[in-house]
Each structure stands twice: as structure tokens, then as C-alpha cells.
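Visitor: Could you give me a close look at just one part of this protein, the sheet and whatever sits around it? I'd like to go strand by strand.

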Amino acid sequence: MRPTAKFSISFGLVTIPVAAYNATDTSASVSFVRIHTADGGRVRNQPVCSLEGTEVSPDEIGRGYRPHDADVVVPLSDEDLDALPLPTAKTLTILAFVAGGDIDPLQMGKGYYLATDSPAAAKPYVLLREAMERHERVGLGKIALHGRETLAMIRPMGDALVMQVLLWPHQIRPMDGVLPEREVEVHPNEVAAAETLMDSFGELSEEDLHDHYREALEELVSAKLAHREPEFDTGEEQPSGGQVMDLMAALQDSVRAAKRSRGEDEGDEGRAAAKRPAKKAAAKTSTASGTKAGAKSGTKTASGAATRSAAKKSATEKTAAKTTAKKKTASRGSRRAG
């Protein structure tokens with residue numbers, strides 16, 4: 001592996017010559033080429049001069065800079081750039097040591113492994129790495145790479161030092177129009193359910209870090225070359241992307257799905273589900289018993305009311321009969337006296 005740049009880390013009065021190596025390999029990612037759909041021919045980007053309209057060879061291509069307030073391009077040679085008074089051109093000067101969590105992940109760019117570039121650099125290299133590791137800090141500084149000055153973060157990683165290129169704060173766009181338009185209220189039980197779902201995911205596996213898309217694409221290309229149907233390993237069925245109407249139900253279902261995907265024992269949930277019908281049956285029995293008891297009690301009440309009504313009616317009829325008899329006797333007595 002060849003270094004992409006060589007410079008020195010300035011740590012106070014200590015200077016550490018280092019060589020930077022690319023820590024990432026983007027060539028392994030999926031990439032496409034442009035083709036002419038009519039015949040499959042490659043469509044290439046040809047460097048053409050905008051004034052002459054002719055193709056330009058690589059050795060005739062240089063650098064130019066367009067000022068923001070002018071519609072002109074100023075040519076710049078390598079000598080012009082080398083003459084710039086940049087202390088960061090060959091040295092990464094550490095400006096501060098901060099906690100790693102203070103760095104916004106949006107600022108993080110390309111990573112480089114840093115190796116010592118001379119035998120004398122070994123001890124200060126290890127000293128800086130050990131000090132940052134024990135103090136739980138990362139170093140922030142500025143360095144000029146590929147003709148541009150950029151922020152950089154130095155951090156320990158195992159037995160090595162790693163440099164991460166950082167974007168400038170003004171390169172992070174504001175989040176206007178990103179947040180929800182209306183205020184959303186989240187209940188504590190919903191947060192607790194979401195935390196339970198997060199815990200149910202478990203540890204990250206090696207299979208999760210596999211590029212399945214690239215494998216599927218290579219199988220598709222192989223199938224086309226062999227004039228056959230591609231054979232894809234579909235794996236588990238992907239959940240539908242429908243709108244979630246019941247958030248709590250969706251969270252609970254997600255927890256159960258996560259447990260099933262890891263093959264965890266669902267006996268406890270099965271036993272809990274078995275208890276729920278039993279409780280419902282007991283509740284139904286209790287309700288039915290209460291209904292029967294109420295019905296029986298109601299029957300007794302109605303029977304007593306009917307008995308009292310009948311007795312009252314009988315007493316009224318007897319009183320009326322006695323009054324009628326007295327009137328008849330009085331009437332007979334009046335006729336006799338006359």
C-alpha cells in the first residue's frame with residue numbers, strides 16, 4: 001500500500017513525521033458505467049475545451065479558480081500553489097484536544113491510517129496515541145491535502161493513529177424544512193415501548209455488515225451472461241411499508257418480530273397468551289353468574305311485589321264488601337220504620 005501524503009504532526013514542541021494511507025476502499029462498492037441504450041456502447045466523459053471545442057489531452061489540463069464576484073477563471077500553476085504561505089501545507093498542527101463526542105458526525109469525511117515516516121518518530125507517535133487514549137480525547141488541527149486546507153481529527157485506534165478529514169462548519173447545511181411542521185406529543189409509555197424495541201435488536205452480527213446488494217447484482221450479471229434466470233436468496237420476507245396507524249401496536253409487534261428473527265424462546269409469550277383466554281373465560285363465567293344471580297333476585301323481588309299487590313287488592317275488596325253490606329242493612333231499617 002502506497003502513502004497518499006506525507007507530513008508532520010506538530011504536538012507542542014514535538015514533531016512526528018507521518019505517512020498517510022487510505023483507510024477506505026471505495027473500489028469494492030457497486031459502480032455503473034454509462035452506455036448507449038441503442039447499441040450498448042460506452043458513453044465517456046471527454047475533456048473538451050469550451051473555446052475551441054476540441055478534445056484536450058491530460059498533460060494540457062491545469063487548474064483555474066473562479067472568484068465568487070467575477071465571471072472569469074484565473075489560471076493557477078503548481079508553483080503558484082506551492083508559494084502560498086500555508087503552514088498547514090506540510091504540517092498538521094494540533095489546535096486543541098476535545099472529547100470525541102463533541103465532533104458532529106456530519107463533519108466526518110475520509111479516513112487515513114497514519115504511520116511513522118522515520119525511526120525517530122516511533123516514540124513520540126506512541127506517546128501521543130497513549131496520551132489521547134488515557135485522556136479520552138481526540139486532537140483537532142488543520143492540514144492541506146490535495147491542494148485544499150481542511151480540518152482534521154487525530155484519534156487513537158488500536159495501536160495506530162487515524163486521521164479523519166472534517167468538513168468546515170459552514171459546509172453543514174441548516175435543517176430548515178426538516179423538522180415536523182406541527183408539534184408532536186409523545187407519551188412516556190410509547191417511549192418505553194420504543195426502548196424495549198431497541199433492546200430487542202441485540203448485538204450487531206457479521207451478516208448485517210455484508211453487502212447483499214452487490215452479491216445480488218453480480219448474480220444478475222452472471223445470469224444475463226449465461227442466458228438464464230437469476231437465483232436470488234430472498235431470505236426473510238420484508239415488512240410492508242404501509243402507514244402505521246396504531247403506534248403502540250406497531251412497536252409491540254416489532255418487538256415480537258425481532259425476537260422471532262433471532263430465534264428466541266417465545267414460550268413466555270405463548271403462556272401469557274394462553275392465560276389471557278382463561279382470564280376472559282373466567283370473566284365471562286363471573287359475568288354470567290352475576291347475570292343469573294341478578295335475574296334470580298329480580299324474580300324474587302317481582303314475586304314479592306306481586307304477592308303484596310294481591311294482598312292489598314284482597315283487603316280493599318273485603319273493605320268494600322263490608323261497606324256495601326252496612327248500606328244494605330241501613331236501607332232495610334229505614335223502610336221498616338216508614
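Let's start with one pair: which residue in β9 stands opposite Gly111?

Guide: That's Gln164. Before we go round the sheet, a word on what you're looking at. This is a predicted model, where local features need pLDDT of at least 70 and side-chain atom pairs count only at pLDDT 80 or more, while totals for chains, interfaces and linings use all residues. Residues are numbered from 1 along each chain as its sequence is written, and side-chain values use heavy atoms, with hydrogens and water left out.

The protein chain has six helices and nine strands; these are DSSP runs numbered from the N terminus, with helices being H or I of at least four residues and strands E of at least two. Seven of the strands make a closed barrel, in the order β1-β2-β6-β9-β8-β7-β5, with mixed pairing. Two strands pair if DSSP finds at least two bridges between them. On average, neighbouring strands of this sheet are turned by 40° against each other, direction ignored. For angles, axes are lines fitted to C-alpha atoms (for helices, over the stretch in contact), and values run from 0 to 180 degrees between N-to-C directions.

Let's walk round from β1. Seven bridges tie β1 to β2 (residues 14-22) in the antiparallel sense, and Ala5 faces Ala20 of β2. Going on, β2 runs antiparallel to β6, with five bridges joining them. Val18, for instance, has Thr116 in β6 as its bridge partner. Your Gly111 question belongs to the next step: β6 and β9 are again antiparallel and joined by five bridges, with Gln164 in β9 standing opposite Gly111.

Then come two hairpins. β8 and β9 pair antiparallel over seven bridges, and Met157 sits opposite Ala160 in β9. Two residues lie between these strands in their hairpin, and Gly158 in the turn has a positive phi of about 65°. β7 and β8 also run antiparallel, with seven bridges between them; here Ala144 has Glu149 in β8 as its bridge partner. The hairpin of β7 and β8 likewise has two residues between its strands, and in that turn it's His146 that has a positive phi, about 55°.

Now for the helix on the sheet. Helix α2 (residues 122-135) packs there, touching β1, β2, β5 (91-98), β6 (108-116), β7, β8 and β9 (160-166); contact means heavy atoms within 4.5 Å. The direction of α2 makes about 70° with that of β9. In the loop between α2 and β7 you'll find Glu136. Phi of Glu136 is near 55°, a positive value in a residue other than glycine. Glu136 counts as exposed because its relative accessibility is 61%; the cut-offs are buried under 20% relative accessible area, exposed over 50% and partly exposed in between, with a 1.4 Å probe and protein chains only.

Go back to the β7-β8 turn for a moment, as His146 turns up again in a pocket. The second largest pocket holds about 490 Å³ of space. Of its 19 lining residues, Asp82, Ala89, Ala144, His146 and Gly147 are the closest to its centre. The elements giving two or more residues to that lining are β1 (5-11), α1 (78-82), β7 (138-145) and β8 (148-157). A pocket here is an open set of points on a 1 Å grid over the protein atoms alone, where a 1.4 Å probe fits, with protein on both sides within 12 Å along at least five of seven lines; lining residues have an atom within 4 Å of a point. Points are joined across faces, edges and corners, and the volume is the space filled by probe spheres set on them. By class, the lining has nine nonpolar, three polar and seven charged residues. In that count, Ala, Val, Leu, Ile, Met, Phe, Trp, Tyr, Cys and Pro are nonpolar, Asp, Glu, Lys and Arg charged, and the others, Gly among them, polar.

One last bit of context for the chain. Among contacts between residues at least 6 apart in sequence, 58% join residues at least 24 apart. Buried residues make up 15% of the 338 in the protein chain.
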